[in-house]
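Grab a pencil and work through these exercises with the model open beside you. Each task comes with a worked solution, so try it yourself before reading on.

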Amino acid sequence: MTSPALTVSPSASARKPARFKSLVTKYRVPLSILALCLLPWLLPSKALAVNVLIYGTVAVGYNLLFGYTGLLSFGHAAFVGTGAYITGIAIGQFGVPWYLAVLMGVIGGALLAFVMGALSTRTRGIYFSMVTLALAQLVYYVALQTPSWTGGENGLRGFTVNKINLFGFEINFLDPVNKYYVLMVFAALALWLVSRILNSPFGAAIEAIRENERRARTCGYNVERTKLLSFTLSGTICALGGTMSALHLAFVPLDSLHYLSSGMIVMMTLLGGASSFFGPFIGALVFLVMEDVFSLWTSHWQIIVGSIFVLFVLFLPKGIWGTFLTRVMR
Amino acid sequence: MNAPLLAVNDIGVRFGGFVALQGVTTEFRPGRVTSIIGPNGAGKSTFFNVLSGVLTPSSGSIRFKGDDLKGTKQHEFVHRGIARSYQITNIFPDLSVHENVRVAAQASRSRYNIWTNRNKFTELDAKADAALEAVGLVTKRDETAKFLAHGQQRALEIAIALISNPEVLLLDEPTAGMGPEETKEMVALLEKLAAERTILLVEHKMKMILGLSDRILVLHHGRLIADGTPHDIQTDPEVRRVYLGQNDGYA
C-alpha cells in the first residue's frame with residue numbers, strides 16, 4: 001500500500017509546470033517580442049541578430065504548416081526566395097518605395113504558396129514532401145534561367161535601401177541597430193499573426209487534421225481546403241521573412257531558392273521544437289549561433305551542426321524549447 | 001407511417017473484380033435501432049462506408065430525407081445529419097478529451113475563421129461538456145485522450161459523433177475489444193441514445209443486438225439476405241444456415 005502523502009505529492013508538483021506552461025502560452029506574443037527587443041544586445045553581432053530575426057520569422061511561419069497542420073514541406077525556400085526577389089526587383093528595377101516592395105513580395109509569395117499548395121495538398125505523406133520539393137526546384141530553375149530579372153547565378157543586386165522614412169522621421173537603414181528594430185516590427189507582426197491564427201477556430205481545425213485526418217473529415221472539416229489555407233498562410237509568413245532578408249542584405253542569393261535552404265528551415269524548426277509556438281524561433285537562433293561559432297573554427301561546421309541535429313531528433317524529439325517547456329520547468 | 005429518412009436503392013460496390021456489395025435496397029425510418037449483421041467479409045463495413053460517404057458506390061443511389069446524396073463529399077455528410085463512429089477507435093489522440101469534442105462541435109460553427117479567439121465560442125465549450133456528460137466522461141475532460149481506457153475512448157468517439165446532433169448515427173462495432181463491464185455500460189448508453197435518434201449498428205455480440213434492435217438486416221457475400229425483427233431473424237432458416245448456424249452458442 002502506498003501512503004496517501006506519497007500519491008498526492010507528485011500530482012501537486014506536476015501542476016506547477018503546467019501553470020508555467022499555460023502562462024507562457026497565454027503571453028507568448030508579448031514575451032516573444034520582449035525577447036526580440038533584447039536579442040541584439042545578447043548576441044556577438046548585430047548582423048547575426050538580424051539573421052536570427054529573419055530565419056526565426058521564416059521558421060515560425062513554416063511551423064504553422066509543419067508543426068500544427070502536420071505537413072512536412074521541403075519547398076518553403078521558394079516562398080522565402082520569391083518574397084526576396086520580388087522586393088529586390090521592385091526596388092532595384094522599378095524604384096518602388098521599400099514598404100510597397102515588401103507588400104508586393106509578401107503578396108507574390110502568397111500567390112505562389114496558393115498555387116503550390118493547390119498542387120501539393122492533393123497528395124499525402126512522402127508524396128506531399130516530394131511534390132513541394134520538386135515545385136520549389138522548378139522556381140529555382142526559373143530564377144536561374146532568367147538572369148535579366150534575377151541576376152541568375154550571381155544573385156540579385158543593386159537595390160540598397162539606405163534610408164527609411166517613418167512617420168516623418170528619416171532613419172539611417174545602414175545602421176545595424178536601426179535596421180534590427182525596423183525589421184523587428186515585421187517579425188513581431190508575423191509572430192502576432194501566427195499566434196492569432198493558432199488561437200482561432202482555424203487553428204483548432206488544423207490541429208485536428210494533424211491529429212487524425214480521417215476523424216477531422218468525418219467531423220465535417222473540408223480537409224483539402226483547410227490544408228490549402230494553412231499552406232498559403234505559412235508561405236505568406238515565409239515570404240515576409242524573405243522580403244526582410246532582401247532589405248537586410250541588399251542582395252538576394254540564388255541559393256535562397258535552393259532546396260538546401262528549405263532543408264535548413266526544417267532543421268531549425270525541429271531543433272527548436274515543432275510542437276511549440278516559439279520553438280522554431282529558438283531553433284533558428286541556436287542554428288545560426290552554432291554556424292557563427294563553429295565556422296570560426298572550421299569550414300566543416302556543418303558536420304558539427306548536423307551531428308547535433310541528429311542527436312536532437314533521436315533524443316529530444318520535442319526540440320530545445322519544447323523540451324524546456326515540458327521537462328526543465330518541473 | 002413515417003417517410004423513410006434514409007433510403008438506398010440497388011447499391012453495388014466493387015473493388016476491382018471483387019464484389020463487396022450487390023443490389024442492396026432498403027430504407028431506414030426515423031427513431032429506430034437497426035442492426036446490420038453478417039459473417040466477416042459480408043460487406044457490413046462497406047455498407048457503412050457507403051452510407052457515410054467514405055466510399056462512393058459503383059452503382060445505385062442513396063437518398064437522405066428525399067435528397068440524392070450523389071456527389072456529396074464525405075465531410076458534408078455530417079452537416080446533412082449523418083454521423084458515424086469507426087470500428088477501430090478514431091479520436092484525436094494528443095488533444096484533451098474536452099478539445100476532442102469541442103473541435104468536433106466547431107466543425108458546424110466555424111471552420112475557416114483565422115481571426116477570432118476560439119475561446120470566444122463559449123457555446124461550443126458548453127456543448128462539448130454536455131456531450132461528455134451524456135457519455136459519462138465529464139470527469140475526464142482535461143485528460144489527454146490517448147491516456148483514456150479503451151472503453152472510455154470508444155465512448156469519447158460516440159460523443160464526437162453525437163456532437164453534431166445527427167439524425168442518423170452509424171456505429172461500427174461500438175463495443176469492439178470491450179470487456180463485459182464496459183460492454184454493459186455501452187449498451188446502457190446506446191439505449192439512452194436510441195430514444196432520441198435513428199441508430200444503425202454493426203455488431204458481433206448477438207445478445208446485445210437482439211436486446212437493442214427493433215430491426216435486423218443480414219448481409220452475406222455482399223447481398224441482403226434477410227430483414228426483419230429480431231424474432232423473425234432468429235427463426236429465419238436461411239439466416240440460421242449462413243450465420244447463426246456457425247455460432248449456435250450465441251443465439
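**Exercise 1: the core**

The largest nonpolar core holds 168 residues, and A:Leu53 and B:Ala159 have the most contacts inside it. (A nonpolar core is a set of buried Ala, Val, Leu, Ile, Met, Phe, Trp, Tyr and Cys residues joined through C-beta atoms within 7 Å; buried takes 20 or more other C-beta atoms within 10 Å of a residue's own, exposed 12 or fewer, partly exposed is in between, and C-beta atoms are placed from the backbone.)

Before the tasks, two ground rules. This is a predicted model, where local features need pLDDT of at least 70 and side-chain atom pairs count only at pLDDT 80 or more, while totals for chains, interfaces and linings use all residues. Residues are numbered from 1 along each chain as its sequence is written, with chains lettered from A and ligands numbered from 1 in the order in which they are written.

Task: find which helix of chain A gives the most to this core, then work out what A:Leu53 touches.

Solution. Step one: helix 3 (residues 46–66) of chain A gives the most to the core of 168 residues, with 13 residues. (Helices are DSSP runs of H or I with at least four residues, strands are runs of E with at least two, and both are numbered from the N terminus.) Step two: for chain B, the core draws at least three residues from each of domain 1 (1–80 + 194–251) and domain 2 (82–165). Those bounds come from an automatic or database domain assignment. Step three: skip residues up to four places away in sequence, and A:Leu53 touches A:Leu36, A:Tyr180, A:Leu183, A:Met184 and A:Ala187. (Contact means C-beta atoms, placed from the backbone, within 7 Å.)

**Exercise 2: two helices of chain A**

Task: check the spans of helix 12 and helix 4 of chain A, then see how covered they are.

Solution. Step one: the expected span is 1.5 Å times one less than the number of residues. Helix 12 (residues 259–272) of chain A has 14 residues, so at 1.5 Å a residue it should span 20 Å, and its end C-alpha atoms agree at 20 Å apart. Step two: helix 4 (residues 77–94) of chain A has 18 residues and reaches 24 Å from first C-alpha to last, close to the expected 26 Å. Step three: both are mostly covered, with 11 of 14 residues buried in helix 12 of chain A and 15 of 18 in helix 4 of chain A. The buried ones in helix 12 of chain A include A:Met264, A:Ile265 and A:Val266. Step four: look just past the ends. A:Gly273 follows helix 12 of chain A with a positive phi of about 120°, and A:Gly95 follows helix 4 of chain A with a positive phi of about 60°.

**Exercise 3: the sheet of chain B**

Task: give the strand order of the open sheet in chain B and say which strands sit at its edges.

Solution. Step one: 4 strands line up as 2-1-4-5, with antiparallel pairing. (Strands pair if DSSP finds at least two bridges between them.) Step two: the edges are strand 2 (18–28) and strand 5 (67–68) of chain B, each pairing on one side only. Step three: count bridges. Strand 1 of chain B has 7 to strand 2 of chain B, while strand 1 (residues 6–15) and strand 4 (residues 59–64) of chain B share 5. B:Arg14 has B:Val19 as its bridge partner in strand 2 of chain B, and B:Leu6 stands opposite B:Phe64 in strand 4 of chain B. Step four: the hairpin of strands 1 and 2 of chain B has 2 residues between the strands, and B:Gly16 there takes a positive phi near 60°.

**Exercise 4: contacts of chain B**

Task: how many residues of domain 1 of chain B are in contact with domain 2 of chain B, and how many of chain B with chain A?

Solution. Step one: 9 residues of domain 1 of chain B are in contact with 7 of domain 2 of chain B. Helix 2 of chain B gives the largest share of the domain 1 side, 4 residues. Step two: 28 residues of chain B are in contact with 23 of chain A. Helix 2 of chain B again supplies the largest share of the chain B side, 4 residues.

Terms used. Two residues are in contact if their C-beta atoms, placed from the backbone, lie within 7 Å.
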